[in-house]
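Morning, everyone. I have one structure to walk through today, so let me put it on the screen.

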Amino acid sequence: MRLILLGPPGVGKGTQASAIVKKYNVPHISTGDIFRANIKDGTELGKKAKEYMDKGLLVPDELVVSIVKDRLTKEDCVHGFLLDGFPRTINQAEALDKELTKMGIKLDKVVNIDADKEILIERAVGRRICKTCGSSYHVKFNPPKVENLCDIDNGELFQRDDDTHETVATRIEVYLNQTQPLIDYYQEKGIILNIDGTKPIDEVFETIVKALGDN
Ligand code: AP5
Ligand code: MG
C-alpha cells in the first residue's frame, strides 16, 4: 500500500501513522522526523532545517525532495510506504509524481485528516515526546501512566521546540497557504480520503481503516 498522510500541524498524522504502519506493514517516512534526527546528530542538513523549523516555516523544497526520493529507493519500500508530512507544496507533489512515474509505481490513497484550529493548537502544545524512543503522548488526551515518563522505556518526555502556541499558529498559517492546495490536487486525481480528525485517536484510526477498505 502506497499512502500519503496529509493534514495540518497537530491533527494526529504521526499518531495515526504509528497504527497504520503496524496494520499494513509498510515503513513510516516522516520528513519532520528525518529533520529532527539530523538536528540531533548535528548534521549540515539538520543545521539548515532547524533555521526554518524553529520559525514554523517550511524547509526549502530542494532540501526535502532529494531526501524523500532517496528514501523511496530503499529495499523496505518495495511493497509500499506511508509518507507523513510530505509532500507539503504543489512543487513537492509534482516532484513526487515524476519520481513515482520513473519508478513505475502509483500512489494508492491520500488520507487527509482535518480538525479546527483550536483543536490543532491544543493538541500540539500539549504534546510530549519520549527522548529515548520518540513515542508521542499528550498531557490531556493521551497521558503517560507516570507523569513525564514514557510508558514503554521510562524515558524522559520533552516538548518539541516548535510546539509553542506562537509557532504552532505560524505553522497552521503556512499549512493553509502552502499545503492545503494539495487537497484539490489529489481530489482531481480521485485518490483522496477525507477523515474527520476531531474524534478520539482510536475512532479516527477505525475510520481510516474503513475508508481504505480492501486496498
Ligand atoms: P512535522 O514534524 O511533519 O510537523 P507537522 O506537520 O507540523 O505535524 P505534527 O508532527 O506537529 O503533528 P501530527 O499531525 O503528526 O500530530 P501528532 O500525531 O503528533 O514537521 C515539522 C517541521 O518540519 C515543519 O514545520 C517544517 O519546518 C519541516 N518539514 C517537515 N516536512 C516538510 C516538508 N515536506 N517540506 C518542508 N518542510 C518540512 O499529534 C499531536 C498531539 O495530539 C499528540 O500529543 C497526540 O497524542 C495528540 N492527538 C493525536 N490525535 C489525537 C486525537 N484524535 N484526539 C486527541 N489527541 C490526539
Ligand atoms: Mg508528526
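**The sheet, the ligand and two buried residues**

Let's start with one pair: arginine 128 has tyrosine 137 as its bridge partner in E6. Keep in mind that this is a predicted model.

So how many bridges join E5 to E6? There are 3, and the two strands run antiparallel. E5 covers residues 127-130. E6 covers 136-138. Another pair to look at is arginine 127, which stands opposite histidine 138 in E6. E5 and E6 make a hairpin, with 5 residues between them. Look at glycine 134 in the turn: its phi is positive, about 80 degrees.

Now the other partner. E5 also pairs with E7, residues 157-158. That pairing is antiparallel too, over 2 bridges. Here cysteine 130 has leucine 157 in E7 as its bridge partner.

Put the strands together. The sheet is open, with 3 strands in the order E6-E5-E7, and the pairing is antiparallel. Why is one side of E6 and of E7 left without a neighbour in the sheet? Because both stand at the edges, and each has a single partner strand. As a reminder, strands of a sheet pair through backbone hydrogen bonds.

Next, the ligand. How many residues surround ligand 1? The answer is 34, and the closest are Thr15, Leu57, Arg88, Arg127 and Arg171. You have met Arg127 already, opposite histidine 138.

By class, that shell holds 15 nonpolar, 10 polar and 9 charged residues.

Three polar contacts to point at. An N or O atom in the side chain of arginine 123 is 3.3 Å from a nitrogen atom of the ligand. Arginine 160 puts a polar side-chain atom 3.0 Å from an oxygen atom of ligand 1. With lysine 199, look to the backbone: a polar atom there is 2.8 Å from a nitrogen atom of ligand 1.

How much of the ligand is covered? Taken alone, ligand 1 exposes 1000 Å², and the protein buries 97% of that.

Which elements give two or more residues to the shell? They are helix H1 (13-24), helix H2 (31-41), strand E6 and helix H9 (201-212). H2 gives the most, with 4 residues.

Stay with H1 for a moment. Glutamine 16 lies in this helix. Is glutamine 16 buried or exposed? Its relative accessible area is 4%, so it counts as buried, given that the cut-off is under 20%. Leaving out residues up to four places away in sequence, glutamine 16 touches Ile113, Ile201, Val204, Phe205 and Ile208.

One last residue: isoleucine 172, in helix H7, residues 165-179. Isoleucine 172 is buried because its relative accessibility is 4%, and under 20% is the cut-off. What does isoleucine 172 touch, not counting residues up to four places away in sequence? Pro9, Lys117, Leu120 and Ile121. Take isoleucine 121 from that list. Isoleucine 172 and isoleucine 121 are 51 residues apart in sequence, and their C-alpha atoms are 8.7 Å apart in space.

That's my tour. Questions, please.

Definitions and conventions. Residues are numbered from 1 along each chain as its sequence is written. Chains are lettered from A and ligands numbered from 1 in the order in which they are written. This is a predicted model: local features need pLDDT of at least 70, side-chain atom pairs count only at pLDDT 80 or more; totals for chains, interfaces and linings use all residues. Side-chain values use heavy atoms; hydrogens and water are left out. A residue is near a molecule or strand if one of its heavy atoms lies within 4 Å of it. A polar contact is a pair of N or O atoms within 3.5 Å; within protein, one must be able to donate a hydrogen and the other to accept it, and residues adjacent in sequence count only if both atoms are side-chain atoms. Accessible areas come from the Shrake-Rupley method with a 1.4 Å probe; for residues, only the protein chains shown count as cover. Ala, Val, Leu, Ile, Met, Phe, Trp, Tyr, Cys and Pro count as nonpolar, Asp, Glu, Lys and Arg as charged, and the others, Gly among them, as polar. Buried means under 20% relative accessible area, exposed over 50%, partly exposed in between (1.4 Å probe, protein chains only). Contact means heavy atoms within 4.5 Å. Two strands pair if DSSP finds at least two bridges between them.
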